[in-house]
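Please follow this walk through the model from one of its charged pairs to its nonpolar interior, keeping the sequence and the coordinates side by side.

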Amino acid sequence: MKPLLSVRHLTKWFDVGKTGPGKKEVLKAVDDVSFSINRGEVLGLVGESGCGKTTCGKTILRILAPDGGKIVFDGHDITSLAPKQMEPFRRRMMVIYQDPFGSLDPRMTIGKTIAEPMIVHRTVSRSDRRERVAEIMGKVGLVPDQIDRYPHEFSGGQRQRIGIARALATNPDFIVADESVSALDVSIQAQIINLLQDLQQEFSITLLFIAHDLSVIKHISDRVAVMYLGKIVETAPKKRLFDDPKHPYTQALLSAIPVPDPKKRKKGNILMGDVPSPINPPEGCRFHPRCPQRMTVCDRKEPKQKEAAPGHFVSCFLYD
């Protein structure tokens, strides 16, 4: 089966200033990233804040223009398409933003907010639009009677439901959920995650779920990709990754998950030092300054991705 989305050697760098005459500093937000997502699958993309997860999602959606690599969506190379050429694909690729209030226009009713993608992409006639909006509102747990209210009249969880409804408005094939529960209370997070899971299964949506919380990733994902300082360091089916993490960074992330029992003490792989700057990343393996299993080769050579187990890929010299 061909994947719905295939990303190969994706790169997105940002110019951040000059260090001298003719010299520029470059922030390497996404640097040679490759992965694929099968139709109807949920891929969890996890990593510390600032590792490039959100930039990766925005670049895949062509909100940001890639600097290198290839993005193939449903067999079509969309990497360099002009805005007009991207229009048919934008209807099929939607996003749920992190901030459930900042992503909504305070001057628009939620009915108009949800209907906006239908208007832009001309997917629903004007006469049927209100009925379609009410139908989607019901799907995400909102009352259709609220259609003429404004965002400030809703709670944070309700606003995120509005954002989800807007993403569903054009019946997309692919959605990027960018930290879509991180701004919510824990109890509300569970409701939104369960809602996303139900909608994903009902509509067979392919989902890239971006988060820094591994417990959330474990609940919703089929496969997990771990990102560190602009690079994917490990990709595996969810159960395999949580049962047998290969990369020292993944091991450290998993060991940091709190155990809800004060009598149980968890042995943790505490990472030393801070995350290096993506403007000036380390030579060799980018994780080596903080790695407890560092070897001499890690300082001078970048590891290539290897299949350490069936379907389990890792970028680490421990598996050479």
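Asp67 counts as partly exposed, at 46% relative accessibility, in a model that is predicted. Its side chain meets that of Lys12 in a salt bridge, with an N to O distance of 4.0 Å, and Lys12, unlike its partner, is buried, with a relative accessible area of 10%. Because Lys12 belongs to strand S1 while Asp67 sits in the loop between H1 and S4, the pair ties together parts that are 55 residues apart in sequence.

The loop that holds Asp67 also holds Leu64, which lies between H1 and strand S4 (68–73). Leu64 is partly exposed, with a relative accessible area of 22%, and its contacts, not counting residues up to four places away in sequence, are with Lys12, Phe14, Thr55, Lys58 and Thr59. For Leu64 and Lys12, a separation of 52 residues in sequence goes with a C-alpha to C-alpha distance of 8.3 Å. Helix H1 itself (residues 53–60) has 6 of its 8 residues buried, so the helix is largely enclosed by the rest of the structure; the buried residues are Lys53, Thr55, Cys56, Gly57, Thr59 and Ile60.

Backbone angles are the next topic. Most residues other than glycine have a negative phi. Just after H1, however, Arg62 takes a positive phi of about 65°. Back in strand S1 (residues 5–20), where His9 is found, phi of His9 is near 50°, again a positive value in a residue other than glycine; His9 is partly exposed, with a relative accessible area of 48%. Glu179 likewise has a positive phi of about 50° although it is not a glycine, but Glu179 is buried, at a relative accessible area of 8%, and is placed in the loop between strand S7 (174–178) and helix H6 (186–203).

Returning to charged side chains, the count of salt bridges comes to 19. Side chains of opposite charge can pair when their charged atoms come close. One such pair is Lys84 and Glu87, whose side chains meet at 3.8 Å, N to O; being 3 residues apart in helix H2 (residues 83–90), the two are separated by about one helical turn. Lys84 counts as exposed at 65% relative accessibility, whereas Glu87 is partly exposed, with a relative accessible area of 35%. Another salt bridge joins the side chains of Asp173 and Arg92, at 2.5 Å, N to O. Since Asp173 lies in the loop between H5 and S7, and Arg92 in the loop between H2 and strand S6 (93–96), this pair ties together parts that are 81 residues apart in sequence. Asp173 counts as partly exposed at 23% relative accessibility, while Arg92 is buried, with a relative accessible area of 15%. Elsewhere, salt bridges that share partners join Asp31, Lys231, Arg286 and Glu302 into one network.

Which charged side chain is buried yet has no salt bridge? Arg159, in helix H5 (residues 156–168), is such a case, since a salt bridge requires a nitrogen within 4 Å of a carboxyl oxygen and the nearest side chain of opposite charge, Asp99, is 6.8 Å away. The side chain of Arg159 instead reaches the backbone oxygen of Pro151 at 3.1 Å. Apart from residues up to four places away in sequence, Arg159 touches Pro100, Phe101, Leu104, Pro151, His152 and Phe154.

In soluble globular proteins, nonpolar side chains tend to be buried together. The largest nonpolar core here has 58 residues, of which Ile164 and Phe209 touch the most other members. Leaving aside neighbours within four places in sequence, the contacts of Phe209 include Val42, Leu43, Leu45, Ala177, Val181, Ile193, Leu196, Val216, Ile217 and Ile220. A second, separate core of 29 residues includes Leu5, Leu45, Ile78 and Met86.

Finally, the cysteines: the structure holds 0 disulfides. Cys285 is in no disulfide, the nearest cysteine sulfur being that of Cys298 at 5.8 Å, and Cys285 is buried, with a relative accessible area of 13%. Cys316 is also in no disulfide, with the sulfur of Cys291 the nearest at 6.3 Å, and Cys316 is buried at a relative accessible area of 9%.

Note on methods: Residues are numbered from 1 along each chain as its sequence is written. This is a predicted model: local features need pLDDT of at least 70, side-chain atom pairs count only at pLDDT 80 or more; totals for chains, interfaces and linings use all residues. Side-chain values use heavy atoms; hydrogens and water are left out. Helices (H or I, at least four residues) and strands (E, at least two) are DSSP runs, numbered from the N terminus. Buried means under 20% relative accessible area, exposed over 50%, partly exposed in between (1.4 Å probe, protein chains only). Lys and Arg count as positive and Asp and Glu as negative; His and the chain ends are not counted. A polar contact is a pair of N or O atoms within 3.5 Å; within protein, one must be able to donate a hydrogen and the other to accept it, and residues adjacent in sequence count only if both atoms are side-chain atoms. Contact means heavy atoms within 4.5 Å. A disulfide is a pair of cysteine sulfur atoms within 2.5 Å. A nonpolar core is a set of buried Ala, Val, Leu, Ile, Met, Phe, Trp, Tyr and Cys residues joined through side-chain atoms within 4.5 Å.
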